[in-house]
Amino acid sequence: MNGIPMEHGLILASILFSLGLAGLMLRRSMLFVLMSLEVMLNSAALAFVVGATAWSQPDGQAMFLLVITLAAAEASVGLALMIQLYQRYRSLDLDAASRMRG
Amino acid sequence: MMVTPVVLSFLFPLMGTLVLAFSSGRLGARGSSVIGVGSVGLAALATLWAVLSHTGDREIITLWTWISVGDFQPTIGLGVDGLALVMMAVITGVGFLIHLFAAWYMTGEAGITRFYAWMNLFVFSMMLLVLGDNLLLLFLGWEGVGLCSYGLIGYYYQGLDNARAAFKAFVVTRIGDVFLALGLFLVFMELGTLDIATVLTRAPEFWAEGSATANLAALLVLGGALGKSAQVPLHTWLPDAMAGPTPVSALIHAATMVTAGIYLIARLNGLFLLAPDVMLLVGVIGAISLLLAAFAALAQTDIKRVLAYSTMSQIGYMFLALGVGAFDAAIFHLVTHAFFKALLFLSAGAVIISCHHEQDMRKLGGLWRKLPVAYGGFIVGGAALVALPLVSAGFFSKDEILWQAMAADRNGLLIAGLLGAVLTGIYTVRLVLGTFHGEPGSDHARHPEPGTNLITHHLPLVVLAVLSTFIGAWLYPGLGGLFPDAPGEAVEGGHTLLQVLAIGAVVAGLALAGWLFLMRRPWLDDVASKGAGASLWKLWHHAWGFDALFDRVLVRPWQWSVRMLRFDFINLIMNLPALIARGFNAGLVRSQNGRTRSYAVVMVFGATVILLALALVPGGVA
Amino acid sequence: MEIAFYLSGLVAVLATVGVITGTSPVHAVVYLIVSLIAVAMVFFALGAPFAGALEIIVYAGAIMVLFVFVVMMLNLRPDAERELTWTHPRHWLGPSLLALVLLGALLALLRQGGVSEVIDGELLTARAVGLTLFGPWLMVVELAAILLLAALVTASHVGRRSNPLNRKMTGNRKRGGTP
């Protein structure tokens, strides 16, 4: 048992982050965009926990709590917006809500 | 901030304005009237209290300090002395009566709330003007009254002519304001302060009498006073300002605002005494204005325009008094003029409303039996205007002015004043005869509807009529102690001679008018309708053609140069940055496509570039 | 330990790929739950059981339930069908490449950073976390509370049915009050 290199944890976080980012850029449906955001937040939280355990400091986990709070807030507001979007356009297509174009 | 009667007296109108302005029309006509009139009434009571509790010394009430940086502590302060109190009493007292009358006059008009909001704001600004212990605060009030004047002249904004009149008043007075502002800059640059008391003590220390700087400063301040007080050559706006409702004309364009120039010069008397040449100019301008306006008043057909020119003429008297150094006499005439001119305007308003907005004298006439209150107002006010000996307020103040002119040995000014008195008699008699006697000129005049409301119609007229008699002159406390000695103090005797002359002028004017209008009327009409007489009439009717002159000399060349400059090649160069910016704008607008995804892509692209740059920089980031 | 880490990491990545490529909303949500639980497993493997438990309770439990509710509430079948036409391979290429480049940059930076610590599975207990939270991090806890309150207010305001702004568009529907 020789442990897990910290780098590997961070690489995992990077992969998850990039996947979330790709989803954010690719999908038109707001539901998927929100889920991609959750994935990205989660990967950031993972990076914090990796740091916390690698250096044996609880601060990283405290930050993890803050990230989770942020994710909850973001999800609730995002879903409320999504319901509004759906009520207006009968669809979750984000490109439909492009009235603020220049 | 201490709550003293003085503070209350200008806070009430301010609160009235705010309440009215933010009510967004929910108060209704009645509620607006109650608040609009009530706030000024309370201000008048507070002023009365302030007058009664005044100790005689100049006191400074510091409201608050702007900023406090080391020794530099500019404050907002009020300077209360006899002059300020007299002005306050006129503004709130006469103002209250006019507001009260307005409640009758404006019945049924649209936008009552707006009317009272402007009127209250005007009273507030005027109070600020006379109370400010600092020239900057005075300037704030000065601009405030100009703004309110603009808003009220254009009160009936649906008529294009009214809007033009408001615009003209604003622009012409603004020319004067620019001079005043330049004067303030000069004073601040040279004396390092704008505090009035300090300016007056420092000016003689810094400037020699008759020095170029003192002359220039006095000249610039005079420019401001000319604009506000409608004196030649910045007088053209006043007759057009009669486009506003009559109470507005009474309050702003007769009783208070147009006397702001008098107040300013009286307040800065020390500055003007350092510039004897400018003092002389003040007197000469006053004399010219009073004659010019008196001649113009002879040939007007609109009641309000006659009164407007007579206002200009009476203010000319005040300037004449200022010019000979008789500041007290100028303020005295200011006060009595405020009483009788407000009375005349309100009586004219009563006639105008009773005759369904008919204000052309040719279409009025024969009203004296049907409108007794208005007729009484005209008789008393007219008597004060022509300075009927001993019984009228105007006699005492005008006599004082002429006496000071005589004592100062300015015979030219004296003769102008006496000639003006004759002319005043003629145009006043013409006004009264044309409006109230003779045959009615229209159906409106045959069947007038006299005002019957005791409080809002009779009361203001009666009170002002009482004040326009010798009682008004007794009420004036005399401010001799505040000003440098007037020339009359040093001269012994001769006053009786002057009084005989003045009374003679008045009697001559009245007699001449009586002879002309009652006995030789057909001959007069004949002369005025053809040949040289007709041209003279036309010239006077257009007030010596100043409007046309300014149009030729100033407006048209300006328009011509503007037209020329439109095709300027420099303009093209100037437009280049704008074009480039618009090009960028077009590009950026395209990128603003409203799609969150593409925004996200752009953001990620930027982040990637930065991260790549960090990763590829030799040596790493850490 | 290591095997658990790598296995659950692999599961997390695969499930996340499932999230971003799926067409059915319900499937995607389930994939996301799997991904979150896998990350929770990673936390356990790393020796942060408190974080792992929170991940399951708050993320996979509370937040995802919210997602499931909303998905159930809205009729998303037409969207799911359209999603197929929206996600044309042509549109995939650019963003995917961009995300890959970003990943490469991140990895390169990690390499440069030279982190050499090894995680040996030593436990970080909830006690230590709690002491930190209510000691030096107290302000952050307060901020989190305010953030949640703000989110609550915002969500209840934005999520109203009878928003005066969209009354015109939803005029033919039954107008309910605030749910």
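Which residue of strand 1 of chain C does A:Pro5 stand opposite?

1. A:Pro5 stands opposite C:Val118, a residue of strand 1 of chain C. This is a predicted model, and the points below concern how chain C and chain A meet.

2. The strands come next. Strand 1 of chain A covers residues 4-5. It pairs with strand 1 of chain C. The sense is antiparallel, and the pairing runs over two bridges.

3. Now the extent of the interface. On the chain C side, 88 residues are in contact with chain A. On the chain A side, 76 residues take part. Interface size is often given as the accessible area lost when the parts come together. Here chain C and chain A bury about 7400 Å² between them. Carbon and sulfur atoms carry 76% of that area. Three residues, C:Tyr59, C:Phe67 and C:Ile119, supply 9% of the area that chain C buries against chain A. No other three residues supply more.

4. Charged and polar links follow. One salt bridge is found across the interface of chain C and chain A. C:Arg111 forms a salt bridge with A:Glu7, with the closest N and O atoms 3.7 Å apart. Eight residue pairs are in polar contact across the interface.

5. Many elements of chain C contribute to the side that touches chain A. Each of these supplies at least two residues: helix 1 (2-21), helix 2 (25-46), helix 3 (49-73), helix 4 (77-86), helix 5 (89-113), strand 1 (118-119), helix 6 (126-133) and helix 7 (138-158). By class, that side of chain C has 59 nonpolar, 17 polar and 12 charged residues.

Key
Residues numbered from 1 in each chain as written. Chains lettered and ligands numbered in written order. Predicted model: local features only at pLDDT ≥ 70, side-chain atom pairs only at ≥ 80, totals over all residues. Heavy atoms only, no water. Contact = heavy atoms within 4.5 Å. Buried area = accessible area lost by both parts, 1.4 Å probe. Salt bridge = Lys/Arg side-chain N within 4 Å of Asp/Glu carboxyl O. Polar contact = N/O pair within 3.5 Å; in protein donor to acceptor, adjacent residues only side chain to side chain. Helix = DSSP H or I, 4+ residues; strand = E, 2+ residues; numbered from the N terminus. Nonpolar A, V, L, I, M, F, W, Y, C, P; charged D, E, K, R; others polar. Pairing = 2+ DSSP bridges.
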